[in-house]
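Student: Could you take me through one part of this model in detail? I'd like a close look at where the chains meet, and then whatever you can say about the neighbours of that spot.

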Amino acid sequence: MTSYRLPKGGLIDRQSPLSFRFDGKALSGFSGDSLASALLANGQRLVARSFKYHRPRGILTAGSAEPNALMTIGSGGRTEPNTRATMQELYQGLEAQSQNRWPSLDLDIGALNSLLSPFLGAGFYYKTFMWPGALWEKLYEPFIRKAAGLGKATYEADPDGYEKSWAHCDLLVIGAGPAGLGAALTAGRSGARVIVVDEHALAGGSLLAETASIGGATAAEFARQAIAELESLPNVEVLTRTTAFGWYDGNVFGAVQRVQKHVATPKDNVPVERLWRIAAKRALLATGTEERPLVFGGNDIPGVMMAGAARSYLNRYGVAFGKRAAVFTTNDSGYALARDLEGAGVELAAIVDSRADAAIAWSGKARLVKGAFVSDAKGGKSLSGISIWKDGKSETLDVDALAVSGGFSPIIHLACHRGGRPVWSDTHSAFLAPTKLNGLSLAGAVKATSGIAACMADGAAQASALLGELGFKVEPATFGAVEGDIAVPAAKAVWSIPGIKGKAFVDFQNDVHRKDLGLAVQEGYGHVELAKRYTTTGMATDQGKLSNVNAIGLLAEARGVSPADVGTTTFRPFYTPVSFGALTGAYHRDHFQPVRKSPLHDWAAKNGAKFVETGLWYRSSWFPRDGETSWRESVDREVRNVRLNAGLCDVSMLGKIEIVGADAGEFLNRIYSNGFAKLPVGKARYGLMLREDGIVYDDGTTSRIEENRYFMTTTTAYAAGVMNHLEFCSQALWPDLDVRLSSVTDQWAQMAIAGPKSRTILQAIVDDDISNEAFPFLAARDVSLFSGQLRGRLFRISFSGELAYELAVPAGYGESVADALMDAGKQHGICAYGVEALSVLRIEKGHVTHNELNGTVVPADLGFGKMVSAAKPDFIGKAMVDREGLVAEDRPQLVGVVPLDPAQAFRTGSHILAKDAAATLENDQGYVTSSCYSPHIGSTIGLALVKRGSQRHGEDVMIWNGLRNEYTPGRLCSPVFFDPANEKLHV
Amino acid sequence: MRYSALSVFLNGLRGNKGWGAAWRSPQPKPHYDVVIVGGGGHGLATAYYLAKEFGITNVAVVEKGYIGSGNVGRNTTIIRSNYLLQGNNPFYELSMKLWEGLEQDFNFNAMVSQRGVVNLYHSDAQRDAYTRRGNAMRLHGVDADLLDREQVRAMLPFLDFDNARFPIQGGLMQKRGGTVRHDAVAWGYARGADMRGVDIIQDCEVTGIRRENGAVTGVETTKGFIGCGKLALAAAGNSSRVAAMADMKLPLESHVLQAFVSEGLKPFIDCVVTFGAGHFYCSQSDKGGLVFGGDIDGYNSYAQRGNLATVEHVAEAGKAMIPGLSRVRVLRSWGGIMDMSMDGSPIIDRTHIDNLYLNSGWCYGGFKATPASGFCFAHLIARNTPQETATAFRLDRFARGFMLDEKGQGAQPNLH
Amino acid sequence: MSKYRLIHRPALSDKQPFNASGIGLTALPEGHVIHVLAEQGADPSAMLKGLAEQGHSVRYAAPGQWYIVGDEPLADDALAALLTRLTPHAEGVDQSHGRVRILARGPMVERVLAKGSGTDLALSAFVVGRSTTTLIGHIAAHITRVEDHAFEIMVLRGFAESLWDDLAQMSAEFAA
Amino acid sequence: MASLVSCPHCGSRPKEEFTVKGAALKRPAPDAGQERWMDYVYLRDNPRGAYEEYWHHTSGCRRWLVVTRDTATHEIADSRDAALGVPETRA
């Protein structure tokens, strides 16, 4: 393999050779190379296979629009499919693999598809593979899926870190080419907060591929100095390797910085990628242009390259894209390449200019053919020659490299992300950005300005104007004279090229060719959006950066209209694809969501708790003891022990809200459906909160601690929602009420102490008298603990149906207090119990939770009809709770359910059927909302919502779990299985 | 021309010059028996079934853009019938059955792929809710399987079973669920309707609804007045705006739902999986892109685009579910405008205005409902009585208190 | 149970201070945090100013709301006295155990916090003494700029460890 | 602008600090009648254009706001504390 590296030139460090592998082959390049430039330097022209026909493909561009040269980089958890070789910086030891070929890139069986191409035209699959229907999933689809796709992703977890960051600035400059640098220097010198992003490793944009000079320095040197100045300014941040991928509402830009994608071994305390959200007061789009390919036969053969890319490889990387080249251009830019190629000593056979009247002077050696077209390129895996068509005659020319320029499409992507539509310009043969962009301006080539000096000046002027809007006074920066630049005046686009024989590709990656677009129009899919969807043009990983405008031009010709009438498909984020890793940042694996820890977490842990995720909390689920072999065994023991002796359960996760203010009582009266106006100080009351539609929202107890101070508890699940709701009611609905709210969930460690011996145990640490007389059921007061060492809040409330209390103590002392209670309770047989036992105890007592309060029940469904106050003039939910459907006869109502055979268990989620009814939807009577094994009853018991349930106690039913084929004959009963007379509560 | 392997072969031999237009581009006639507003999946399906099943062919579908430019062309292509409530479940199962025979029925390969849908659960409460739902499905003869952790692991070993913040406990699977090539659904219905005489009129925006003596007599459009016997609105996303032309206010809000596709990959994930501990669901298109989505952005919107916070939220959930996604790149995001109804269920009903029929409120479940929605709406238009599986989708259910609230979120449409 | 020795267990007792050239993280002593809630329309500014002059740190929380914070725990009587001083303009709610404070200090502190918060924390936009509540990653926290390069971060106790871990992660690159 | 919401108390903040509730409507009097309540709870103007809606600065000052936002462009024209009230809804 011959080297294409030129003996000198380029911005590479020839003192730093790097070795790398492509498909296992050892190759070498230099520091400063992209993977693409290194491959080209090594003469590796065939780098990929296309999607559908598996055609040999080479490197087409030198940037992020690359449709062909996609490779898989890395291995293991760092495997990265579909990486653009043009954007990947070379590093020592880089491993790249080609994709979508079998058995090898060179010999790819899939290329046989090319032979079938007459039958594989656009949308062919919509017309066949339909018979027999069952074969789609079994035969056709697996085959198609296997053949489709590009690289292979890994299932392994990524070992590297990611993070996100916000940034704020007065001016964001996107793109550090001539216009961007002009703007950044102007803005930087003003003292404004400036951020400059550029997607390449080296800022400078097109200047890096230039041979022109600016103020006597090479363009690249000018860029280097400009960046050095910007980096020295404290008010400027330059982010290279950073792609602004989206423009969002509020002038927020999404950008991704490839922090360590260019190193062999990333440092583990630094992310490999960082996602930026940049809130910019003003932004300037200086993204330049994308050069358009030309649609001629064989335009995809390796060796055909965009002219600007060829120039970039030549001048920036010191690599010749061929040994004997030709240039095919529709505009003056091809001449800059031609001049540079000859200057670098690369043989240039011809310049083919589509314009018969091209005015540019050419003084080089190469032959200039005006008014001509390259109609076909020839060769298989590498270009061998071209056909030049002129005035109906064809000649062939042997070349191994062809540079093409079909004009320029401004990179207006971001400017269109917020709904603006591009505007076709006949003058520029291009779509320009929408106007009236709020907060975003454009500068330089992206708005069809041509020439280095003009772009720099435009950038400077735009920056000055934008900062002027923000009150900064700054003159546009000025720059030294530019010499040797070839400005490119607008030229007429060429869509259809005459004389084509081979396949002429529009979308390279998706193998959409000229005729596919014609077929789309013929079949009625001529609308640009339909053509895209039908042919897949523009849907590849480059999102049509190279193909879309050509597709539109060809559609326009086929339909006989202007590209303006065809319009574009919608530009949407992302400008270039963004990894899940970057979008995820550090919030992955067990850091996906934060952990919320109870103040009694460590207490539970040292008592052997098994934990369960409950929202963001970890709750203690049960506390296994030595010798217990199943969770059920532990839970049964805990339940029995609570009913026999006492138990302590962490209930700190309940939402707790302190409500103060002169109108707090009135407020509560409007929040709850039941009355709260007469709640005395020192008492707790169970309350039911409805939504405005009359459905039960949440429940809990609220205690009156002082005259105008209440302490509300909510369920764990709805704690945050209830707080938001209360704030809504107090701020938006009734701002006239004096109500002030403070969430005290985290202030208190709260423990339930339940069981017949709970009072005795508590009295050991509580200084106040808590006898039944002094502290009756529903008493709620601040108490003194440990001989005055601590204040706590004690509530005599019971979820279990036993004599029970909830004690709240300042969180930092929670563990110590729980230890003291366990210690004091030891002689009385206290045990720690978890939410599983808590759940059994409450089901036995028929208490509801969000299993029952599932967002579809009204109070009456739960037997709480009396808790809907008729007397109160207003409360949330009052107006809607009486609607026909909410008071209907056959509404599901809360019942208990037991198996007829105590040895038979059933599960939550089972449905209730009438005794001998078939399992059909029509016969569905309801469903089990909660179930458990009840040590008290000696069988599984359940709560259920059953049609007319309250009238059906005693009815035999079938408890049906079709998912497990379980049929459990059962009986409906009262939902209260334990102490229906509530005697235990009052002892 | 009938599509078949043979026709593909024969046309291929002739350079594909013989294919005709899939549908005509007619100018509107002055009057139709039925005018359907909205050339999306539901509108086109309605036209197709009106013509095919109910013999009503003097029908126009008017579409303000190109056909399929609404949500049928911007969703995550999932079909399933795993619904809980009696008012919903038979309807979605009807839809599933129609999907199962659709391609042969309308002679267009929409790539209906019953590759299975798995909803993961991560807690006992979720398992219990899926048990209830799976049983409700089974009661109606819908396939449902409750998988435990090991069964899910055997199927989808690449999910995070080792380091997850919310460990996967199992999943509810509907094997008959899957995906469909979404655009092809619009095209197949359009072609099928057109073949039966329906006029599909693109680039024709409705600007007003004309009424005489209270009854609808036609629509003003950018292509002039079009008279009709019955006017059928199937403009989900914009239902409120169209209904406002008849002075109706609906129990709907329009919200944006984003969806995403990754770069093309070799087969990575075979079924549809939904995460139970965050907003993420994912499948892989036949072309190789991972198609995924999450929750709506949460605010009323008519802009077909969303914001980055939601994108990140979805990606976080995605990587939490499948750690291997980390280095997979997301190619494109887009947004669809959803008719979010006040209880999360749709409306297929007559209105209090004579000759005006309403199909709306699909939230983000409209794609899977396309065939049944079209069928039931056609039934309603043709017979003036609701099809038996769609009797609960009444407009007055809110006033009367018969909400169809699968999630129990109440009148808070951004939570459905 | 007079002899029982109550032990106070700080939420971040397991976390070692994070010290690096660019940023340091320190768990502040769990002293006192009083949530002050003013009556609507009342202007307690004079009272708050008085408290500040007596050495209390007063942090703005929200319209009509402040936090009074300090490193020393308040005994019951001192707390009662303080709460009384707030009246009649305002009520106080003791959050001394419900909120945990972390001090983040160092030249990179803005950069670290920007990894979590969308609030513009540039010194010019967020001056010393200013407070706000903002999301840091997925966790809401109340932040106060206490010096040019130092922020006090106050968070719900239950999230304190998680937030600490997040902050340590965000700081990691400045540790080298 | 729904990537940043400007809070009258805290300034410009990312959307994720907020919870959006939807249309800012005046709550009817308790005896306003079923139709009025139906309108309040279920029916929405749902306009394309300017819209008044409730946002809660949940991870900030925890105030409820009335935000005037355009549903087509997402531009926010105004935001104010909800305690200042909302206009009477159209019947």
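Tutor: Sure, let's start with the pair that dominates: among the five pairs of chains that touch, chains A and B share the most contacts. Keep in mind that this is a predicted model. On the chain B side, 89 residues are in contact with 91 residues of chain A. Seven elements of chain B each put at least two residues into that side: the helices α1 (5-13), α3 (89-106), α4 (124-139), α6 (182-195) and α8 (308-321), plus the strands β12 (252-264) and β16 (329-341). The top contributor is α4(B), which gives nine residues to the side touching chain A. As for chemistry, that side of chain B breaks down into 38 nonpolar, 29 polar and 22 charged residues.

Now zoom in on β16(B), since it does a bit of extra work here. Strand β32 of chain A, residues 578-579, is joined to β16(B) by two bridges, and the two strands run antiparallel. One residue pair to click on is A:Ser579, whose bridge partner in β16(B) is B:Arg329.

That stretch of chain A also carries an annotation. An unreviewed UniProt entry places the feature "domain: SoxA A3" at residues 501-583 of chain A. In the model, that span is 45% helix and 8% strand, and its end C-alpha atoms lie 45 Å apart.

What about chain C? Chain B and chain C have no contact, and their closest C-alpha atoms lie 10 Å apart. Taken by itself, chain C has four helices and 10 strands, and along the sequence these follow the pattern β-β-β-α-β-β-α-β-β-α-β-β-β-α.

Its overall dimensions are easy to sanity-check. The C-alpha trace of chain C spans about 50 × 50 × 25 Å along its principal axes. A compact globule of 176 residues would have a radius of gyration near 16 Å, so the 17 Å of chain C agrees with that expectation. Burial can be read alongside this: 51% of the 176 residues of chain C count as buried. Then there's the contact range: of the contacts in chain C with a separation of 6 or more, 64% are between residues 24 or more positions apart.

If you want one place to park the camera, go back to β16(B): this strand supplies at least two residues to the side of chain B that touches chain A, and it pairs with β32 of chain A through those two bridges.

Conventions
Residues numbered from 1 in each chain as written. Chains lettered and ligands numbered in written order. Predicted model: local features only at pLDDT ≥ 70, side-chain atom pairs only at ≥ 80, totals over all residues. Contact = placed C-beta atoms within 7 Å. Nonpolar A, V, L, I, M, F, W, Y, C, P; charged D, E, K, R; others polar. Pairing = 2+ DSSP bridges. Rg over C-alpha atoms; globule rule 2.2 N^0.38 Å. Buried ≥ 20, exposed ≤ 12 C-beta atoms within 10 Å, placed from the backbone. UniProt positions renumbered as here; feature names shortened; annotations may be inferred.
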